[in-house]
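Colleague: Could you take a close look at one part of this model for me, the pocket and what lies around it? I would welcome a connected account rather than a list.

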Amino acid sequence: MSQSKVYSSANSALEGIINNGQTLAIGGFGLCGIPEALIEALRDSGFKDLTCISNNAGVDDFGLGLLLQTRQIKKMISSYVGENKEFERQYLAGELEVELTPQGTLAEKLRAGGAGIPAFYTATGVGTLVAEGKETRDFDGRTYVLEHSLVADVSLIKAQKADKSGNLIFNKTARNFNPDCAMAGKITIAEVEEIVEIGTLDPDEIHLPGIFVQRIVLNSSPEKRIEKTTTKAVEGA
């Protein structure tokens, strides 16, 4: 009988597959849809010199910001860095390598990596610093830049629900980069809020098939911190 994909804790889910110097793809957009427990377990593991592929690096004291505090990240491949002062400080001090990538290009680099496509041409970034040193080619009178796809040693993602085979359902916008990260990982660990028996999920409801997921861990009560709270003033108050 094959080993169960369900692990008892985030620490045990990381055991035996995380090492120094690896490349990790981590799902989320801001603080939405991030694998909170897995990131904390990664911090506690002490592994370092990591290259992290993620839309951004969270905030100073949450999400990937925790790994910046402990200096476990050597390089960030991301599209946005604006909410993290420690990220800014480390980059300006030359302590952190940063590969800024247009957001749509980042998504396609992950998707293509998961599909086995080594590179692709895109018009995004042509004529800017993004295209410096890269191959360009003209198609139908328009210039495109060659972008290489991304594949991660390990991907850490977040979903709302999983069955025990690893079929996943995401919650609305929390889907964001998570499926692309999952497909780009050689090994993918999914942190989920609910685990159900095989056969429970309607096949038409499944967003990501379990073939892309090797390990599952339950986190039924994530913090789900709000990055920025905006409220409307009450009239007459």
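Modeller: Strand 9 gives the most to the lining of the largest pocket, supplying three residues, and since this is a predicted model, what follows describes computed geometry. The largest pocket has a volume of about 320 Å³, and of the 20 residues that line it, those closest to its centre are Leu-31, Cys-32, Gly-33, Ala-174 and Lys-224. By class, the lining of this pocket divides into eight nonpolar, five polar and seven charged residues.

Strand 9, which spans 152-163, also belongs to the setting of the largest nonpolar core, where it is one of the elements that each supply at least two residues. That core has 30 residues, and those with the most contacts inside it are Leu-14, Leu-24, Leu-38, Leu-42, Met-76, Leu-156 and Ile-189. Besides strand 9, the elements that each supply at least two residues include helix 1 (10-14), strand 2 (23-26) and strand 4 (73-78), while helix 2 gives the most to this core, with four residues. A second, separate core of 21 residues includes Ile-53, Ile-77, Leu-208 and Val-213. In soluble globular proteins, nonpolar side chains tend to be buried together.

Within helix 2, the buried residues are Glu-36, Leu-38, Ile-39, Ala-41 and Leu-42, and just after this helix Gly-46 takes a positive phi of about 80°. Leu-42 can be followed outwards from there: leaving aside its neighbours within four places in sequence, Leu-42 is in contact with Leu-14, Ile-18, Leu-24, Leu-50, Leu-67, Gln-72 and Leu-156.

Enclosed space can be set beside the open pocket. The count comes to one cavity of 30 Å³ or more, and about 50 Å³ of space lies in the largest cavity. Of the 13 residues that line this cavity, Gly-30, Ile-34, Ser-54, Asn-56 and Leu-64 are the closest to its centre. The cavity lining divides into six nonpolar, seven polar and no charged residues, whereas the lining of the largest pocket includes seven charged residues.

The second largest pocket, finally, has a volume of about 180 Å³, and its lining is made up of Glu-99, Leu-100, Thr-101, Pro-102, Lys-109, Leu-129, Val-130, Lys-134 and Glu-147. By class, these are four nonpolar, one polar and four charged residues.

Note on methods:
Residues numbered from 1 in each chain as written. Predicted model: local features only at pLDDT ≥ 70, side-chain atom pairs only at ≥ 80, totals over all residues. Heavy atoms only, no water. Core = buried A, V, L, I, M, F, W, Y, C linked by side-chain atoms within 4.5 Å. Buried < 20%, exposed > 50% of the residue type's maximum accessible area, 1.4 Å probe, protein only. Contact = heavy atoms within 4.5 Å. 1 Å grid on protein atoms, 1.4 Å probe; cavity = no way out; pocket = protein on both sides within 12 Å on 5 of 7 lines; lining within 4 Å. Points joined across faces, edges and corners; volume = space filled by probe spheres on them. Nonpolar A, V, L, I, M, F, W, Y, C, P; charged D, E, K, R; others polar.
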